[in-house]
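Proteins are often drawn as solid shapes, yet it is worth asking where they leave empty space. Please look at the structure below with that question in mind before reading on.

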Amino acid sequence: MRKLFIVNSRADSKALARFKTAYSQYPGEHEGESEVIYTEFAGHASEVAAKAATQDDLLVIACGGDGTIHEVANALAESKTPMAVIPLGTGNDFTRSIMDENHRSNCEICVKEIFEDSFKVKNSDLVKVTSYDVNGNKIDASSAWCLNVASIGLDTEVQLRAKGKVLAHPNSGLVRSTAYLTSALECIFGNRKFDFRYKALRGDGKPAESVDTCFTLLAVCNASYYGDGFCPAPHALIDDGLINCCAIDAVNLPKALFLLTKYKNGKHEGYKEVDTFVTTKLTVEATGSRDLNGNYDGEDFSGHKVSFECYPGAIKLALYI
């Protein structure tokens, strides 16, 4: 099987250097079997992967963070071309659900096993996110496939603030490693109330429509982790045909601070302010005058109404053995 490595040229500089060193040890003995393309502009990874999706006997390897993985996954969705991942980003949250820490921390091991074909291809789920404006028209720019986690509410505000910190200090490892947690603390002391309702056919048999119309956040999960290690869905599986959801009520400051550490560690289930359930399709609609602001796989979206639907086996993932 031929290999195409799509590498985010703006990935963490140290991780990028390690990848280049690791890759340089192999192509000589695999001449004509592999190629590396370094991204040159926004959307380049998606463009390259879309062309690869039409080719046979090819493995595409997304090398970067969650944004790169999102781009490649969207291009390969519902195709026969499998995707592997080499984590070179800041949080690398999706990889927490599909590989052990040894692979997450050592791109050298990942490169070696890819060239040795030491992986298995597994049919995995995707969540289709479709956004609509107040008149019911689809918003293409805010609609995409989600491989990892989508969310609406406080965590989107946190992400926007964290992104700003990293962009303002691109060479600071300390800022990169603490941006999400410090932003979470800052946002918790600000607005924690977002107006929306959600409707889903729930796996627990509870009423389909939410009673409340004001929440702190809603996480819609195909996998378990986002936001540099926060765990909204500790029981999520990427191949079970289900979406794991977590909604947190609009809570006061003391309760928000208490739940923050629980939510970070995946220990938030069971509290009365927290609603967790599984479903195959979820619809969320704004109840106030403002549209919903959310993110999928770390990419921002907005809309008055948003649907999330699980598509079982919509992408082929090459997982390290």
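In this predicted model, the largest cavity has a volume of about 190 Å³. Sixteen residues line this largest cavity, and those closest to its centre are Leu-154, Ile-188, Leu-217, Leu-260 and Tyr-263. The elements that contribute two or more residues to its lining are helix 6, helix 7, strand 9 (214–221) and helix 8 (253–264), and among these helix 8 gives the most, with four residues. By residue class, the lining of the largest cavity divides into 14 nonpolar, one polar and one charged.

The structure holds three cavities of 30 Å³ or more, and the second largest of them has a volume of about 40 Å³. Its lining is made up of Met-83, Ala-84, Val-85, Ile-98, Met-99, Ala-318, Leu-319 and Tyr-320, with strand 4 (83–87) and strand 15 (305–320) as the elements that give two or more residues. The residues that line this second largest cavity comprise eight nonpolar, no polar and no charged.

A pocket can be described in the same way. The largest pocket has a volume of about 1500 Å³ and is lined by 48 residues, of which Gly-67, Thr-90, Lys-163, Val-166 and Arg-176 lie nearest its centre. Two or more residues of this lining come from each of helix 1 (13–24), helix 2 (44–52), helix 3 (66–76), strand 7 (149–153), helix 6 and helix 7.

The table sets out the volumes and the linings.

| Space | Volume | Lining residues by class |
|---|---|---|
| Largest cavity | about 190 Å³ | 14 nonpolar, one polar, one charged |
| Second largest cavity | about 40 Å³ | eight nonpolar, no polar, no charged |
| Largest pocket | about 1500 Å³ | 13 nonpolar, 23 polar, 12 charged |

Helix 6 and helix 7 appear in the lining of the largest cavity and also in that of the largest pocket, and how they are arranged deserves a closer look. The axes of helix 6 (residues 154–168) and helix 7 (residues 173–188) come within 8 Å and cross at roughly 140 degrees, and the two helices are therefore oblique to each other. The crossing in which helix 6 passes helix 7 is right-handed. Among the residues that meet there are Leu-154, Val-158 and Val-166 in helix 6, and Arg-176, Ala-179 and Ile-188 in helix 7. Taken by class, the residues of this contact divide into 10 nonpolar, three polar and six charged.

Note on methods: Residues numbered from 1 in each chain as written. Predicted model: local features only at pLDDT ≥ 70, side-chain atom pairs only at ≥ 80, totals over all residues. Heavy atoms only, no water. Axes fitted to C-alpha atoms, helices over the stretch in contact; angles between N-to-C directions. Parallel < 35°, antiparallel > 145°, perpendicular 65-115°, else oblique. Left-handed = near helix turned anticlockwise from the far one by under 90°. Contact = heavy atoms within 4.5 Å. Nonpolar A, V, L, I, M, F, W, Y, C, P; charged D, E, K, R; others polar. 1 Å grid on protein atoms, 1.4 Å probe; cavity = no way out; pocket = protein on both sides within 12 Å on 5 of 7 lines; lining within 4 Å. Points joined across faces, edges and corners; volume = space filled by probe spheres on them.
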